[in-house]
Amino acid sequence: MIDLGKFFLPTFLSINPISKRITLQISTYGTEAYENQIDCFLQITFMDTCLEIDYISEDGICLTNIISESLTELASGELKNESFQSIQENALKVLLNYIDDSQNEILNHFDEI
């Protein structure tokens, strides 16, 4: 059995596919922001002791396909060699490149541990 420790990733986020900017806030239904956003939900995939982290939309579109052609997942790692926490932190570092500055306080949670 693997101890995953604490969980810090947001389970939901929205991305504007044109600007490639991520928000952690839900847009109001019917607004222009709502119409231009794709909602994505956290997806964690385990394959034996390998772990992959990404976000996926209701239409099956992966967040990494929207933000970069070179990424296949936000973060991945072998749980035998690194902690779940460090893999999450790697995912958050990628997300911070796309999250508006006013919402990037999420990484500060790692400083509080």
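These legends describe close-up views of one predicted model.

The model is predicted, so local features need pLDDT of at least 70 and side-chain atom pairs count only at pLDDT 80 or more, while totals for chains, interfaces and linings use all residues. Residues are numbered from 1 along each chain as its sequence is written, and side-chain values use heavy atoms, with hydrogens and water left out.

**View 1. The whole chain holds four helices and five strands.** Helices (H or I, at least four residues) and strands (E, at least two) are DSSP runs, numbered from the N terminus. Along the sequence, the pattern reads β-β-α-β-β-α-β-α-α. The chain has 113 residues, and 37% of them are buried. Buried means under 20% relative accessible area, exposed means over 50%, and partly exposed lies in between (1.4 Å probe, protein chains only). A contact means heavy atoms within 4.5 Å. Of the contacts in the chain with a separation of 6 or more, 49% come from residues 24 or more positions apart.

**View 2. D54 is a buried residue with no salt bridge.** Find D54 in strand 4, which covers residues 50-57. A salt bridge is a side-chain nitrogen of Lys or Arg within 4 Å of a carboxyl oxygen of Asp or Glu. For charge, Lys and Arg count as positive and Asp and Glu as negative; His and the chain ends are not counted. Which side chain of opposite charge is nearest to D54? That side chain belongs to K20, and K20 is 13 Å away. D54 does have a polar partner: its side chain and that of T64 are joined by a polar contact of 2.8 Å. A polar contact is a pair of N or O atoms within 3.5 Å; within protein, one must be able to donate a hydrogen and the other to accept it, and residues adjacent in sequence count only if both atoms are side-chain atoms. Not counting residues up to four places away in sequence, D54 touches nine listed residues, including F41, L42, Q43 and C62.

**View 3. T64 sits in helix 2, residues 63-67.** Is T64 buried or exposed? T64 has a relative accessible area of 1%, so T64 counts as buried. The side chain of T64 meets that of D54 in a polar contact of 2.8 Å. Set aside neighbours within four places in sequence, and T64 is in contact with D54, L71, T72, E73 and L74. V94 is 30 residues from T64 along the chain, yet their C-alpha atoms are separated by 9.8 Å.

**View 4. S76 lies in strand 5, residues 75-78.** S76 is partly exposed, because its relative accessible area is 33%. Its side chain makes a polar contact of 3.2 Å with the side chain of E73. Leaving aside neighbours within four places in sequence, S76 is in contact with L51, E52, E82 and I87. S86 is ten residues from S76 in sequence, and the two are 9.8 Å apart, C-alpha to C-alpha.

**View 5. L79 belongs to the loop between strand 5 and helix 3.** L79 has 13% relative accessibility, so L79 counts as buried. How far apart in space are L79 and L51? They are 7.0 Å apart, C-alpha to C-alpha, and 28 residues apart in sequence.

**View 6. Helix 3 runs over residues 84-96.** The expected span of a helix is 1.5 Å times one less than its number of residues. Helix 3 has 13 residues, so its span should be 18 Å, and its end C-alpha atoms are indeed 18 Å apart. The buried residues of helix 3 are F84, I87, Q88, A91, L92, V94 and L95. They cover an arc of only 155° around the axis, so they lie on the same side of helix 3. The arc is that of the directions from the helix axis to the C-beta atoms.

**View 7. K20 and D48 each have a positive phi.** Most residues other than glycine have a negative phi. Phi of K20 is near 60°. K20 lies in the loop between strand 1 (12-16) and strand 2 (21-23). K20 is partly exposed, with a relative accessible area of 33%. Phi of D48 is also near 60°. D48 is in the loop between strand 3 (38-47) and strand 4. At 69% relative accessibility, D48 counts as exposed.
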